[in-house]
Amino acid sequence: MAQDAFVEKLLARHAELKAVVDEYNRIISEFMELNNTIDNLRRHFPDDFPAVEQEVSAQHIVLRSPAQHMTTMGQTAALLLKSPIRGGTLLTGFELPKPLTISGLAEEILAADHPLHATEILKRLREKGWQGSGDDQKDIRNVSTTLGLKKDVFYNNGRNTWSLKSQVEPTQEVTQE
């Protein structure tokens, strides 16, 4: 019985942290979009967008120069986790997750198990947290297109079944291309 309570606590904490990470991903995506927009506008209208060098606070995120961008992202994420989203609790030792990209996750998936059909890759992408559009047909096309554009990393074995290019034997690659 005591073990059941421990498992319940563990699962509850996992769900709580997943909510924080999901919120972080949402916020950091918006932040990156705004940052890219401002950087583009700054290039075209330098007089209207001077370089900004101010402190970052949880209430007011200020963009820094591109050289300081990655440091600012880490500080911003830490402050956001300390902000009202987490009720003022700072999570220490929190490592920022990598963005959930189709190609990055598919590479991990195919490194562990290959070859896989795009439907199986999609299933495993969702297990790893990639949400996609929710429409299987669109998401499978998205997966296939993304993997197909990265011919230096992925290899289509035929019929939408994929492997990592590094895992394909050279003779197999020559005969199927």
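**Exercise 1. Determine whether R159 is buried or exposed, and describe its backbone.**

R159 has a relative accessible area of 81%, so it is exposed (over 50%; buried is under 20% and partly exposed in between, with a 1.4 Å probe and protein chains only). The model is a predicted one, in which local features need pLDDT of at least 70, side-chain atom pairs count only at pLDDT 80 or more, and totals for chains, interfaces and linings use all residues. Residues are numbered from 1 along each chain as its sequence is written, and side-chain values use heavy atoms, with hydrogens and water left out.

Next, locate R159: it sits in the loop between β2 and β3 (strands are DSSP runs of E with at least two residues, helices are runs of H or I with at least four, and both are numbered from the N terminus). Its phi is positive, about 55°, although R159 is not a glycine. N160 lies in the loop between β2 and β3 and has a positive phi near 65°. Most residues other than glycine have a negative phi.

**Exercise 2. Find which side chain makes a polar contact with the side chain of S144.**

Start with the position: S144 belongs to helix α5, residues 136-149. Its relative accessibility is 17%, so S144 is buried. Leaving aside neighbours within four places in sequence, S144 is in contact with A118, N160 and W162 (heavy atoms within 4.5 Å). The polar contact is with the side chain of N160, at 2.7 Å (a pair of N or O atoms within 3.5 Å; within protein, one must be able to donate a hydrogen and the other to accept it, and residues adjacent in sequence count only if both atoms are side-chain atoms).

**Exercise 3. Work out the strand order of the open sheet and which strands stand at its edges.**

The three strands are ordered β1-β3-β2, with antiparallel pairing (two strands pair if DSSP finds at least two bridges between them). β1 (116-117) and β2 (154-158) each have a single partner strand, so they stand at the edges. Two bridges join β1 to β3, residues 161-164. In β3, T161 is the bridge partner of H117.

**Exercise 4. Identify the peptide bond that is cis in the H114 to P115 step, and place P115.**

The bond from H114 to P115 is cis, with omega near -15°. P115 lies in the loop between α3 and β1. Most peptide bonds are trans.
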